[in-house]
Amino acid sequence: PVPSIRLRFLRSSAHPTVQYRMAEPQPILGLAKGLVKLAAGVATTVGVLQASLFTVDGGQRVVMFDRFRGVLDNTVGEGTHFRIPWVQTPHIYSVRTRPKSISTFTGTRDLQTVNLTLRVLYKPRVELLPQIHQRLGVDYDERVLPSIGNEVLKSVVAQYNADQLLTMREKVSRAIRDTLTRRASEFNIILDDVSITHLTFGREFSEAIERKQVAYQEAERSKFLVMRAEHEKKAAVIRAEGESEAAKLISDALQSGEGLIILRRIEAARDIAESLSQSQNVTYLPGGGNVLMNLQR
């Protein structure tokens, strides 16, 4: 409606109400309407462009869902791309290698409880991402890895005794890795690495291992004591034989002459001189009167 000003003059009851209409500012009003239309057009264009563009970061792929054709067969790589608003919806997947830990309680072949933690490095098969989206969805790792990880751990650990998990850890880890890799490939998931990061047993088995180690150490200690006694016995025999041989040699030397007695005297004198030389109360003076205190000259 055109703005107007109504002026009422009540001169008498016989005269009707008098109305006056002001003149419209036509140029200013037209300019304002044009600016409003321009702003609306720019906002609509910007909104359409924003809805039509999407960006795929590094290490990501996009699976496109079309309302008329369903999930498209080809994935979209890194960069900025166009899509049809409302018709196409992008679903972003990470194709980088990511870690995940899987923990489980299971039993060994000898009915011992064991707690295992497995760390896997996984990523999806890029060329089969549309199938992964159709079968599993964006959270495919949460749907698949915990279930197949527990299944493989329980089946492999049940083939070994508790002590074999310690002595044959490399073999057990390799069996788990091969089986889990084969199971994950059925869901188009690639496993780069599988390793056992945590392995603990129940309290009863841990105490049994401790007692076994103590008994083994006691047995080794007893074995060492027996071996030491045998070596001491052999050493005593050898020492007695040596003393007997020495006594025999001394007897033969005494019968043959006084050379051995003279040698023994020399050795005894040497030992006495060495002992006296270490005493501070003994002073040696040369013989023949050649002493520094002889001051006659």
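## Exercises on a predicted model

Among contacts in the protein chain between residues at least 6 apart in sequence, 62% join residues at least 24 apart. The model is predicted, and the exercises below use values computed from it.

**Exercise 1. Confidence and overall make-up**

State the mean pLDDT of the protein chain and find where pLDDT stays under 50.

Solution.
- Start with the whole chain: the mean pLDDT is 81, and 81% of the residues reach 70 or more.
- Go to the N-terminal numbering: over residues 1-15 the pLDDT stays under 50, and the model has 16 contacts beyond four places in sequence for them.
- Residues 17-23 also have pLDDT below 50, with 15 contacts in the model beyond near neighbours in sequence.
- Then take the secondary structure: the protein chain has seven helices and eight strands.
- Finish with burial and surface. Of the 297 residues in the protein chain, 22% are buried. The chain exposes about 21,900 Å², and carbon and sulfur atoms supply 56% of that area.

**Exercise 2. Strand β1 and its partner**

Which side chains of strand β1 are buried, and which are not?

Solution.
- In a regular strand the side chains alternate between the two faces of the sheet.
- Strand β1 covers residues 53-56, and its side chains do alternate.
- F54 and V56 point to one face and are buried, whereas L53 and T55 point to the other and are not.
- Now look for the pairing: β1 and strand β4 (residues 79-82) are antiparallel, with four bridges.
- Within that pairing, F82 in β4 is the bridge partner of L53.

**Exercise 3. The open sheet**

Give the strand order of the open sheet of three strands and identify its edge strands.

Solution.
- The order is β3-β2-β5, and the pairing is antiparallel.
- The edge strands are β3 (70-76) and β5 (88-94), since each of them pairs on one side only.
- Neighbouring strands of this sheet are turned against each other by 25° on average, direction ignored.
- Check one pair: strand β2 (residues 60-66) meets β3 in the antiparallel sense over four bridges.
- A position to inspect here is V63, which stands opposite T75 in β3.

**Exercise 4. Nonpolar cores**

Which residues have the most contacts inside the largest nonpolar core, and which elements each supply at least two of its residues?

Solution.
- The largest nonpolar core has 35 residues, and L118, L165, I176, L180 and L191 have the most contacts inside it.
- The elements that each supply at least two residues are β7 (113-124), α2 (129-135), α3 (140-157), α4 (162-167), α5 and β8 (189-201).
- Helix α3 gives the largest share, eight residues.
- Follow L118 outward: leaving aside neighbours within four places in sequence, its contacts include L153, I176, L180, V194 and I196. K100, S101 and S195 are also among them.
- A second, separate core has five residues, among them V56, V62, M64 and V76. V56 is one of the buried residues of β1 met in Exercise 2.

**Exercise 5. Two residues of helix α5**

Are R177 and D178 buried, partly exposed or exposed?

Solution.
- Place them first: R177 is in helix α5 (residues 169-185), and D178 lies in helix α5 too.
- Partly exposed runs between the cut-offs of 20% and 50% relative accessible area.
- R177 has 26% relative accessibility, so R177 counts as partly exposed.
- D178 has a relative accessible area of 44%, so D178 is partly exposed as well.
- Add the spatial setting, C-alpha to C-alpha: R177 and L191 are 14 residues apart in sequence and 8.7 Å apart in space.
- D178 and V152 are 26 residues apart in sequence and 9.8 Å apart in space.

Note on methods: Residues are numbered from 1 along each chain as its sequence is written. This is a predicted model: local features need pLDDT of at least 70, side-chain atom pairs count only at pLDDT 80 or more; totals for chains, interfaces and linings use all residues. Side-chain values use heavy atoms; hydrogens and water are left out. Buried means under 20% relative accessible area, exposed over 50%, partly exposed in between (1.4 Å probe, protein chains only). Two strands pair if DSSP finds at least two bridges between them. Axes are lines fitted to C-alpha atoms, for helices over the stretch in contact, and angles run from 0 to 180 degrees between N-to-C directions. pLDDT is the predictor's confidence in each residue, from 0 to 100. Contact means heavy atoms within 4.5 Å. Accessible areas come from the Shrake-Rupley method with a 1.4 Å probe; for residues, only the protein chains shown count as cover. A nonpolar core is a set of buried Ala, Val, Leu, Ile, Met, Phe, Trp, Tyr and Cys residues joined through side-chain atoms within 4.5 Å.
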